[in-house]
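Here's a quick briefing to read with the model open beside you. Take the topics in any order you like.

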Amino acid sequence: PGQKAEFKGTLVNFPYRAGQYQHIGMLAAGAGVLPMYQLIRHVLSNPADPTKISLVYAARDESDLLFKKSLDALQDKHPGQFRVQYVVEATSWWRMWAGYTGKIDAQIVKENMPGPSRSSILLVSGPSAMEEFLSGPLTLDAAGWVNQEPVTGLLAELGYRRGHVYKL
């Protein structure tokens with residue numbers, strides 16, 4: 001009693017209200033799926049929240065896909081509201097892989113993410129190389145929070161701008 005504990009980890013400050021967006025697109029890789037998973041569970045736990053969620057989750061191979069069973073179960077339980085697509089860089093030759101292979105690219109974004117609009121947002125979270133390729137380098141403001149502008153990279157090429165993309 002009276003002792004302090006300090007926890008370190010991903011610090012995400014994404015302000016979300018139920019029904020704030022019609023559609024949330026999520027582009028995640030590696031451990032970047034952790035804040036996405038938290039938000040997915042939060043949205044889907046509220047029956048009054050109709051927000052659609054589309055997650056594209058990339059990893060080196062199938063064994064690196066954290067929460068895959070849980071994500072698949074949520075997709076099965078909420079088929080009209082939540083959809084997940086997986087991207088793996090390499091597949092085992094003896095396994096049948098029905099998902100995407102390679103890295104997240106323009107085709108995958110176009111096929112799975114909501115287009116740029118005021119009623120949707122794209123969240124990006126993963127290794128810095130992926131984030132930089134998709135939405136531009138992460139910079140911090142004076143308070144140490146991720147700077148949300150400018151949006152560059154692949155998402156800018158596809159027409160996404162500030163307000164369409166949130167970097168985690």
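What follows goes from the overall fold to the sheet, one helix, the aromatic pairs and one core leucine.

Bear in mind that this is a predicted model. The protein chain carries five helices and six strands, and from the N terminus on they run β-α-β-α-β-β-α-β-α-α-β. The six strands come together in an open sheet with parallel pairing.

**Overall build**

- The radius of gyration is 16 Å, which agrees with the value near 15 Å that a compact globule of 168 residues would have.
- Measured out along the principal axes, the C-alpha trace spans about 55 × 45 × 30 Å.
- Of the 168 residues in the protein chain, 40% are buried.
- Among contacts with a separation of 6 or more, 66% are between residues 24 or more positions apart.
- About 10,000 Å² of the protein chain is exposed, and carbon and sulfur atoms supply 52% of that area.

**The sheet**

- Reading across the sheet, the strand order is 4-3-2-1-5-6.
- Strand 4 (100-101) and strand 6 (165-167) sit at the edges, so to speak, each pairing on one side only.
- Seven bridges join strand 2 and strand 3 in the parallel sense.
- Leu-55 has Val-84 of strand 3 standing opposite.

**Helix 1**

- Helix 1 has twelve residues, which at 1.5 Å a residue should span 16 Å; the end C-alpha atoms are 16 Å apart, so expectation and model agree.
- The buried residues here are Val-33, Pro-35, Met-36, Tyr-37, Leu-39, Ile-40, Val-43 and Leu-44.
- As background for reading that list, an α-helix has 3.6 residues a turn, so residues three or four places apart point the same way.
- The cover over the buried residues of helix 1 includes strand 1 (23-29), strand 2, helix 2, strand 3 and strand 5 (120-125).

**Aromatic pairs**

- There are two aromatic pairs in the structure.
- Tyr-37 and Phe-67 make a stacked pair, because their ring centres are 4.2 Å apart and their planes lie at 5 degrees, with under 30 degrees being the cut-off for stacking.
- This pair links distant parts of the chain: Tyr-37 belongs to helix 1 (residues 33-44), while Phe-67, 30 residues apart from Tyr-37, is in the loop between strand 2 (52-59) and helix 2 (68-77).
- Tyr-37 counts as buried at 12% relative accessibility, whereas Phe-67 is partly exposed at 32%.
- Tyr-57 and Tyr-86 make a tilted pair, because their ring centres are 6.3 Å apart and their planes are at 55 degrees.
- Here too, distant parts of the chain are linked: Tyr-57 lies in strand 2 and Tyr-86 in strand 3 (residues 82-88), 29 residues apart.
- Tyr-57 and Tyr-86 are both buried.

**Leu-122**

- Leu-122 is in strand 5, and with a relative accessible area of 0% Leu-122 is buried.
- The C-alpha atoms of Leu-122 and Leu-27 are separated by 7.3 Å, although the two residues are 95 residues apart along the chain.
- Setting aside neighbours within four places in sequence, Leu-122 is in contact with Gly-25, Leu-27, Met-113, Pro-114, Leu-155, Tyr-160, His-164, Val-165 and Tyr-166.

Methods: Residues numbered from 1 in each chain as written. Predicted model: local features only at pLDDT ≥ 70, side-chain atom pairs only at ≥ 80, totals over all residues. Heavy atoms only, no water. Phe/Tyr/Trp six-rings, centres within 6.5 Å; stacked < 30°, edge-to-face > 60°. Helix = DSSP H or I, 4+ residues; strand = E, 2+ residues; numbered from the N terminus. Buried < 20%, exposed > 50% of the residue type's maximum accessible area, 1.4 Å probe, protein only. Expected span 1.5 Å × (residues − 1). Contact = heavy atoms within 4.5 Å. Rg over C-alpha atoms; globule rule 2.2 N^0.38 Å. Areas by Shrake-Rupley, 256 points an atom, 1.4 Å probe, with all protein chains shown as cover. Pairing = 2+ DSSP bridges.
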